[in-house]
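Here are my notes on the model you sent round. I've kept them as numbered points so you can check each one against the coordinates.

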Amino acid sequence: MTGKKTENTSEKRMHILGTGTATVSKYVNTACVFDDGESLFLVDGTGGSDVLRCFDAMNLDWSKMHYGFLSHEHTDHFLGMIWVLRNIGELIINDAYEGDFYLYGNDVVLDKAYKVCQMIIKPQGMALIGTRIHLVVVEDMEEMDLWNCHFTFFDIGSTKAKQFGFHMVWPDGTRLVFPGDEPVTEHGEQFCGDADWLLSEAFCLDRDRAIYRPERYHHLTVKESSMMAQKHHVKNLLLWHTEDDTFGQRKKLYTEEASRYYDGNIWVPDDWETISL
Ligand SMILES: [Zn+2]
């Protein structure tokens, strides 16, 4: 990682739960938790009960998390969110969680989340959905202040499944773009110019393109993600949602490739790393 820890002392942090693409066994699927020093904001759920293990390993406090975002319905992002809803429901039932939990997402993904819960969550937990646990549908380009940031949610224009990303502005003006797990399209590009942070998928190294054929899944190589970040003068590029064959060497190899095409700060985090934003 060439990205230096920022010197500022504000408590703006990002806890990386996972960094893998869908079919990995050495990483947790891509997800993170933003932390303002007082409370937490979850982005995607991982592919399953990994999310519980991550919270435990990273010492994250469920009772401090009242907001989350779910980008789309694919296994590696969606199924862990069902565990999140189940877990928060149990904490509420056991009087270990004060207040409500709000999950934001597009209409399609939240409808599916509701239906899955309806089929498999116990009635006592299900009764909390709509009362203490809220599934909040956001529209394309909808802006709102939630948690402690200003968000603009946007449709990334995926042809695979309806997927939203967001642009978030922190109270100190720090701008971060999360374009889901696909390349930034024209629609999302409007937020990328001079962004402080871009969280970009990078399926594999460009030299390994023939092996993984990332274009089949609408994914980019490290080179392509880096060129995109360079084009938009992004200050910090975080690469994740990757293959796991380079496990153990990924940070070095991905950083090397990215640095040939991008001259900002490059971050290739491991699972369970915490980054100061
Ligand atoms: Zn994915």
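**Notes on the model**

1. Let me start with a helix pair. Helix α1 (residues 50–57) packs on helix α2 (residues 75–93) at an angle of about 65 degrees, and their axes are 8 Å apart. That angle makes α1 roughly perpendicular to α2, since the range that counts as such is 65 to 115 degrees. Keep in mind throughout that this is a predicted model.

2. Who touches whom here? On the α1 side the contact is made by D50, V51 and L52; on the α2 side G80, W83, V84 and N87 meet them. By residue class, the contact of α1 with α2 divides into 4 nonpolar, 2 polar and 1 charged.

3. Next, one of the sheets. This open sheet has 7 strands in the order β6-β5-β4-β3-β2-β1-β14, and the pairing is mixed. β6 (133–137) and β14 (274–276) are at the edges with a single partner strand each, so one side of either strand has no neighbour in the sheet. From one strand to the next the twist averages 20 degrees.

4. Within that sheet, have a look at β4. How many of its residues are buried? The count is 6 of 6, so β4 is mostly covered, given that a residue is called buried if 20 or more other C-beta atoms lie within 10 Å of its own. Strand β3 (residues 40–43) runs parallel to β4 and is joined to it by 4 bridges, with L40 having M65 in β4 as its bridge partner. Strand β5 (residues 101–105) also runs parallel to β4 (residues 65–70), through 4 bridges; in this pairing Y67 is matched with Y102 in β5.

5. A helix covers part of this region too. Helix α3 (residues 107–120) lies across β4, β5 and β6, and its direction makes an angle of about 150 degrees with β6.

6. Now the loop between β6 and β7, where E139 is found. Is E139 buried or exposed? It is exposed, because just 12 other C-beta atoms lie within 10 Å, and 12 or fewer is the cut-off for that label. The C-alpha atoms of E139 and D155 are separated by 8.0 Å, with the two positions 16 residues apart in chain numbering.

7. There is another open sheet of 7 strands, also with mixed pairing, in the order β7-β8-β9-β10-β11-β12-β13. Its edge strands are β7 (143–146) and β13 (265–267), each of which pairs on one side only. The strand-to-strand twist averages 20 degrees. For an antiparallel pair in this sheet, see strand β9 (residues 164–169) and strand β10 (residues 175–178), which share 4 bridges; there, H167 has V177 in β10 as its bridge partner.

8. β12 deserves a point of its own. In a regular strand, side chains alternate between the two faces of the sheet. In β12, N236, L238 and W240 point one way while L237 and L239 point the other way, and all are buried. That fits with β12 being mostly covered, at 5 of 5 residues buried.

9. What does β12 pair with? β11 and β12 are parallel and share 5 bridges, and S200 stands opposite L239 in β12. β12 and β13 are parallel as well, over 3 bridges, with L237 opposite I266 in β13.

10. Finally, helix α7 (residues 222–231), which lies across β11 and β12 and runs at about 155 degrees to β12. Which residues of α7 are buried? They are V222, S225, S226, M228 and A229. Viewed down the axis of α7, these buried residues fall within an arc of 160 degrees, so they line one face of the helix. They pack against β11 (197–201), β12 (236–240) and α8 (250–259). One backbone detail to check by eye: just after α7, H233 takes a positive phi of about 55 degrees.

Key
Residues numbered from 1 in each chain as written. Predicted model: local features only at pLDDT ≥ 70, side-chain atom pairs only at ≥ 80, totals over all residues. Pairing = 2+ DSSP bridges. Helix = DSSP H or I, 4+ residues; strand = E, 2+ residues; numbered from the N terminus. Axes fitted to C-alpha atoms, helices over the stretch in contact; angles between N-to-C directions. Contact = placed C-beta atoms within 7 Å. Parallel < 35°, antiparallel > 145°, perpendicular 65-115°, else oblique. Nonpolar A, V, L, I, M, F, W, Y, C, P; charged D, E, K, R; others polar. Arc of directions from axis to C-beta.
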